[in-house]
Amino acid sequence: MASAMNGCGGGGGGGGVMKRMGLLRVQYYCVMGAVAAAVVLATLRYMPAPATAPPTVAGVDGGGATVRSSAAAVDAAAAAAPGGGGVERGKGKRKHVWSGEEEEVAAEKKAAAGVVVFNFGDSNSDTGGVAAVMGIHIAAPEGRAYFHHPTGRLSDGRVILDFICESLNTHHLSPFMRPLGADYNNGVNFAIAGSTATPGETTFSLDVQLDQFIFFKERCLESIERGEDAPIDSKGFENALYTMDIGHNDLMGVLHLPYDEILQKLPPIVAEIRKAIETLHKNGAKKFWIHGTGALGCLPQKLATRGEIDRDLDEHGCITRINNVAKRFNKLLSETCDDLRLQFASSTIVFVDMFAIKYDLVANHTKHGIEKPLMTCCGHGGPPYNYDPKKSCTANDKDLCKLGEKFISWDGVHFTDAANEIVASKVISGEFSIPRIKLTASVVRPKKAKNSRL
């Protein structure tokens with residue numbers, strides 16, 4: 001084959017090969033020229049005409065300068081929002097029309113981004129985390145009172161955290177692990193039902209939730225350094241409100257022990273919460289809102305399943321021993337917050353006495369329009385507690401309370417939307433806080449936004 005290519009097979013054969021190669025080169029250049037011409041023509045045909053005065057997009061870059069959009073960006077916005085400000089097309093003419101709606105939308109987004117909240121906790125503040133991460137299908141009647149469908153919250157409606165967000169005029173926090181529909185522009189909810197403050201006791205204990213937060217923060221800041229978008233910037237993390245509502249499951253896990261042994265278990269639990277606050281502070285957090293535990297001895301679950309050790313009830317029908325444990329836990333946590341307030345003098349660290357708030361709901365239930373403070377709404381068995389640990393509530397249960405009836409307990413452990421609203425109003429007021437400060441006092445609030453119905 002090599003000899004043929006060198007022309008050794010005869011003079012005529014070699015000349016024919018060279019001639020054919022020359023023709024191939026000519027054809028190649030012709031084809032390439034035609035392709036180049038087509039590209040140029042297409043570019044000229046579809047290139048947008050330059051705008052003499054491009055409209056200003058109401059966005060702000062990192063330095064506070066106004067960002068201007070290109071004609072292509074305005075076209076895209078017009079296509080995405082027909083009927084709004086955009087581009088009018090005429091015969092060979094393009095006229096930019098600025099309606100002002102873009103500025104209003106951007107202003108609303110900027111306002112909504114004015115509040116950032118990061119929450120750590122258990123089922124008392126879980127907004128769908130456990131359902132997302134564990135793939136648990138939480139069915140009706142969960143969510144019936146407010147969302148009108150299950151959302152992953154262990155309630156018939158909102159949890160206290162939802163009311164906190166509403167008071168700050170921002171939408172409800174998305175769970176960290178929600179695969180669809182998450183919006184982290186106003187913060188993240190790391191709370192997972194069943195979580196403990198003590199490491200290793202549960203999969204998503206407080207230390208794991210902190211690791212998730214640090215991971216989230218690092219990814220946000222790294223994205224910004226690369227010039228990419230991120231839901232929260234460094235200022236957002238610095239000015240955020242850090243809320244914590246955890247420790248209840250730790251207490252539930254030791255209530256079977258003798259009273260003196262339980263008290264010995266409390267300092268290590270509180271120490272973990274302290275460690276979490278210190279870790280967050282080390283990562284730039286400055287505003288902390290820490291919830292104590294509630295009146296656990298008034299929960300229908302505890303009342304319906306109590307043994308001989310818990311036969312002593314107080315004047316309102318709650319278990320004295322368990323409530324004393326809860327009060328002791330809160331005392332230790334409050335003292336810890338006092339110490340941290342001295343240690344981090346430039347930070348705001350608020351402790352909220354949730355026991356006082358929730359016990360008042362039972363003790364003064366008639367004032368709040370509640371007839372049966374110790375009964376479960378979504379339960380089994382009827383009076384006095386309507387709670388059966390062997391049965392779960394369904395939408396068709398005969399013992400399910402009527403929609404609109406005021407109950408404290410939804411399922412024997414968690415509160416109803418109505419009860420959470422009352423509790424949240426007292427939390428937000430600052431009346432039960434140390435120091436006595438309103439939740440909104442240290443947070444810059446944007447103008448009111450519509451409530452979330454996630």
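**Disulfides, strands and cores in a predicted model**

The disulfides of the protein chain follow the pattern 1-2, 3-6, 4-5 when the bonded cysteines are counted along the chain. The structure examined here is a predicted model, and the count of disulfides in it comes to 3. What follows takes these links in turn and then moves on to the strands, a buried asparagine and the nonpolar cores.

The pair 1-2 of the pattern is a good place to begin. A disulfide joins Cys298 to Cys318, with an S to S distance of 2.0 Å. This pair links distant parts of the chain, 20 residues apart: Cys298 sits in the loop between S8 and helix H11 (300-304), while Cys318 sits in the loop between H11 and helix H12 (320-343). The link of Cys298 and Cys318 is right-handed, with 110° about the S-S bond. Both of these cysteines, Cys298 and Cys318, are buried.

The other links belong to the loop between helix H13 (354-363) and helix H14 (417-429). Cys377 is joined by a disulfide to Cys401, with an S to S distance of 1.8 Å. Both Cys377 and Cys401 lie in the loop between H13 and H14, yet they are 24 residues apart and so count as a pair linking distant parts of the chain. Here the angle about the S-S bond is -60°, and the link of Cys377 and Cys401 is left-handed. Cys377 is buried, as is Cys401.

Next to consider is the disulfide formed by Cys378 and Cys393, whose sulfur atoms are 1.8 Å apart. Cys378 and Cys393 are likewise in the loop between H13 and H14, with their positions 15 residues apart. The link of Cys378 and Cys393 is left-handed, with -105° about the S-S bond. Are these two cysteines, Cys378 and Cys393, buried or exposed? Cys378 is buried because its relative accessible area is 5%, under the 20% that marks a buried residue. Cys393 is also buried, because its relative accessible area is 16%. Two further cysteines can be read in the same way: Cys165 counts as buried because its relative accessibility is 0%, and Cys220 counts as buried because its relative accessibility is 4%.

Attention now turns to the strands. The protein chain has 14 helices and 10 strands, and strand S9 (residues 348-352) is mostly covered, with 4 of its 5 residues buried. Which strands does S9 pair with? Strand S8 (residues 287-291) is joined to S9 by 5 bridges, and S8 and S9 run parallel. Within this pairing, Trp289 stands opposite Val350 of S9. S9 is also joined by 2 bridges to strand S10 (residues 433-434), and these strands run antiparallel. There, Phe351 has Ile434 in S10 as its bridge partner.

A polar residue offers another view of the interior. Asn189 lies in strand S6 (residues 187-189), and Asn189 counts as buried because its relative accessibility is 1%. What does the side chain of Asn189 reach? The side chain of Asn189 reaches the backbone nitrogen of Ala191, at 3.1 Å. Leaving aside neighbours within four places in sequence, the contacts of Asn189 include Asn119, Ser125, Asp126, Thr127 and Leu161. Pro175 is in contact with Asn189 too; the two are 14 residues apart in sequence, but their C-alpha atoms are 4.7 Å apart in space.

The nonpolar residues come next. In soluble globular proteins, nonpolar side chains tend to be buried together. In this model, the largest nonpolar core holds 85 residues, and those that touch the most other members are Phe118, Phe120, Phe216, Tyr242, Met244, Ile273 and Leu280. Met244 gives a picture of such surroundings: not counting residues up to four places away in sequence, Met244 touches Phe120, Ile273, Leu280 and Trp289, among others. A second, separate core has 8 residues, including Met375, Cys393, Cys401 and Trp410.

Finally, some totals describe the chain as a whole. Of the 454 residues in the protein chain, 44% are buried. The protein chain exposes about 23,400 Å², and carbon and sulfur atoms supply 56% of this area. Among contacts with a separation of 6 or more, 66% come from residues 24 or more positions apart.

Key. Residues are numbered from 1 along each chain as its sequence is written. This is a predicted model: local features need pLDDT of at least 70, side-chain atom pairs count only at pLDDT 80 or more; totals for chains, interfaces and linings use all residues. Side-chain values use heavy atoms; hydrogens and water are left out. Buried means under 20% relative accessible area, exposed over 50%, partly exposed in between (1.4 Å probe, protein chains only). Two strands pair if DSSP finds at least two bridges between them. A disulfide is a pair of cysteine sulfur atoms within 2.5 Å. Contact means heavy atoms within 4.5 Å. A polar contact is a pair of N or O atoms within 3.5 Å; within protein, one must be able to donate a hydrogen and the other to accept it, and residues adjacent in sequence count only if both atoms are side-chain atoms. Accessible areas come from the Shrake-Rupley method with a 1.4 Å probe; for residues, only the protein chains shown count as cover. A nonpolar core is a set of buried Ala, Val, Leu, Ile, Met, Phe, Trp, Tyr and Cys residues joined through side-chain atoms within 4.5 Å.
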